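Student: I should like to learn how the interior of a protein model is read, one feature at a time. Where should we begin?

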Amino acid sequence: MRILVSGGSGFIGRHVVAELIRREHRPVVLTRNPLALKSLHIPQDEYDIIVGDLEHSFTDMELEGVGHMIHLAWTGLPEYKKLFHIEQNLMPQYFFIRKMVTAGIGHIVITGTCLEYGKMEGCLTSDRCPVPQLPYPIAKDALRRFLTILQAEMNFELRWLRLFYTYGEGQSPNSILSQLAKAIEAGDPVFNMSKGDQLRDYLPVHEMAKQIVDACLLLDGSGIYNCCSGEPISISELVENFVKAHNSDIHLNKGYYDYPDYEAHSFWGYPDLKNIQSFEN
């Protein structure tokens with residue numbers, strides 16, 4: 001099956017493309033940066049590349065046989081507080097999805113964010129009413145609402161996935177584990193961090209990619225789903241596990257930084273997609 005993957009050269013997107021190929025599907029990757037796909041270490045004849053952005057004018061040949069799309073593209077992360085998410089990103093995203101539906105793609109998976117839940121504490125189920133407080137999750141939640149309204153006029157399935165936290169090959173250099181890896185590699189004696197007692201929900205990126213592909217291939221109809229492990233872990237434990245795995249004696253200077261001001265202290269997701277029985281896995 002040919003499946004369009006927008007943002008397929010990004011951190012999560014590259015792993016989604018690899019997972020689709022592993023299941024013997026053919027990704028059609030929409031990307032502005034085709035060189036980033038080289039990190040897949042997969043022969044280029046196993047996927048198609050369309051170089052472009054959300055404004056790209058697709059040809060009939062480019063979308064031939066494409067009935068499913070996984071939409072990951074979103075610019076400007078991790079600047080969650082910037083207004084451009086609302087002022088510049090939101091409507092081009094909406095019109096891109098509308099264009100794809102008009103082109104005949106009837107099964108659409110879009111990645112949202114756990115930040116749509118605002119500062120809710122504890123185990124978050126996907127039926128919670130979102131209360132986003134920052135421009136990025138506000139724009140994401142608005143996009144979902146706009147597309148739900150669009151479904152009244154156009155026939156398509158929309159599966160909205162709220163991604164929690166992830167890590168793995170190709171992650172942002174600004175993530176805590178990337179910063180820690182850099183400090184260990186540089187031989188730094190100390191790594192500054194917050195107290196680390198806040199709980200989060202982390203999923204290895206290849207597991208997150210499996211859940212995203214499962215949502216695309218194995219679910220029917222529309223709905224909202226958490227994409228997560230369902231297993232809370234403290235930031236301290238996450239960091240300590242990483243240090244141990246790398247046989248490092250770097251000192252963790254806990255309490256150096258304050259807690260992030262835009263998140264609840266402790267939250268994790270109910271894992272809607274964790275136990276989908278997949279004959280393709």
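Student: Is T111 buried or exposed?

Tutor: The model is a predicted one. A residue counts as buried when its relative accessible area is under 20%. T111 has a value of 4%, so T111 is buried.

Student: In which element does T111 lie?

Tutor: T111 belongs to strand β5, which covers residues 107–113.

Student: Which residues is T111 in contact with, once its neighbours within four places in sequence are left aside?

Tutor: A contact list shows what surrounds a buried residue. For T111 the list comprises H71, L72, K140, L161, L163 and I212.

Student: How many of the seven residues of β5 are buried?

Tutor: Here one passes from a residue to its whole element. Six of the seven are buried, and β5 is therefore largely enclosed by the rest of the structure.

Student: In what sense do β4 and β5 pair, parallel or antiparallel?

Tutor: Strand pairing is read from the bridges. Strand β4, residues 66–71, pairs with β5 in the parallel sense, over four bridges. In this arrangement H68 stands opposite H107 of β5.

Student: Which residues touch the most other members of the largest nonpolar core?

Tutor: A core is read as a network of buried nonpolar side chains. The largest one has 54 residues, and L4, I108 and L147 touch the most other members. Apart from that core lies another, of 30 residues, including F11, V17, L20 and L217.

Student: What does L147 touch, not counting residues up to four places away in sequence?

Tutor: L147 touches Y94, I97, I110, F156 and L158.

Student: How many cavities of 30 Å³ or more does a search of the whole structure find?

Tutor: The search finds one. The space in the largest cavity is about 40 Å³.

Student: Which residues line the largest cavity, and how do they divide by character?

Tutor: A lining is read first by name and then by chemistry. L115, G118, Q133, L134, P137 and Y262 line the largest cavity. Four residues of this lining are nonpolar, two are polar and none is charged.

Student: Which residues of helix α4 are buried, and what do they pack against?

Tutor: For a helix, one notes the buried residues and then their partners. In α4, residues 176–186, the buried residues are L177, S178, L180 and A183. The buried residues of α4 pack against β8 (165–167), β9 (190–193) and α6 (235–245).

Student: What phi does G187 take, just after α4?

Tutor: G187 takes a positive phi of about 75°.

Terms used
Residues are numbered from 1 along each chain as its sequence is written. This is a predicted model: local features need pLDDT of at least 70, side-chain atom pairs count only at pLDDT 80 or more; totals for chains, interfaces and linings use all residues. Side-chain values use heavy atoms; hydrogens and water are left out. Helices (H or I, at least four residues) and strands (E, at least two) are DSSP runs, numbered from the N terminus. Buried means under 20% relative accessible area, exposed over 50%, partly exposed in between (1.4 Å probe, protein chains only). Contact means heavy atoms within 4.5 Å. On a 1 Å grid over the protein atoms alone, a cavity is a set of points where a 1.4 Å probe fits but cannot get out, and a pocket is an open set with protein on both sides within 12 Å along at least five of seven lines; lining residues have an atom within 4 Å of a point. Grid points are joined across faces, edges and corners, and a volume is the space filled by probe spheres set on the points. Ala, Val, Leu, Ile, Met, Phe, Trp, Tyr, Cys and Pro count as nonpolar, Asp, Glu, Lys and Arg as charged, and the others, Gly among them, as polar. A nonpolar core is a set of buried Ala, Val, Leu, Ile, Met, Phe, Trp, Tyr and Cys residues joined through side-chain atoms within 4.5 Å. Two strands pair if DSSP finds at least two bridges between them.
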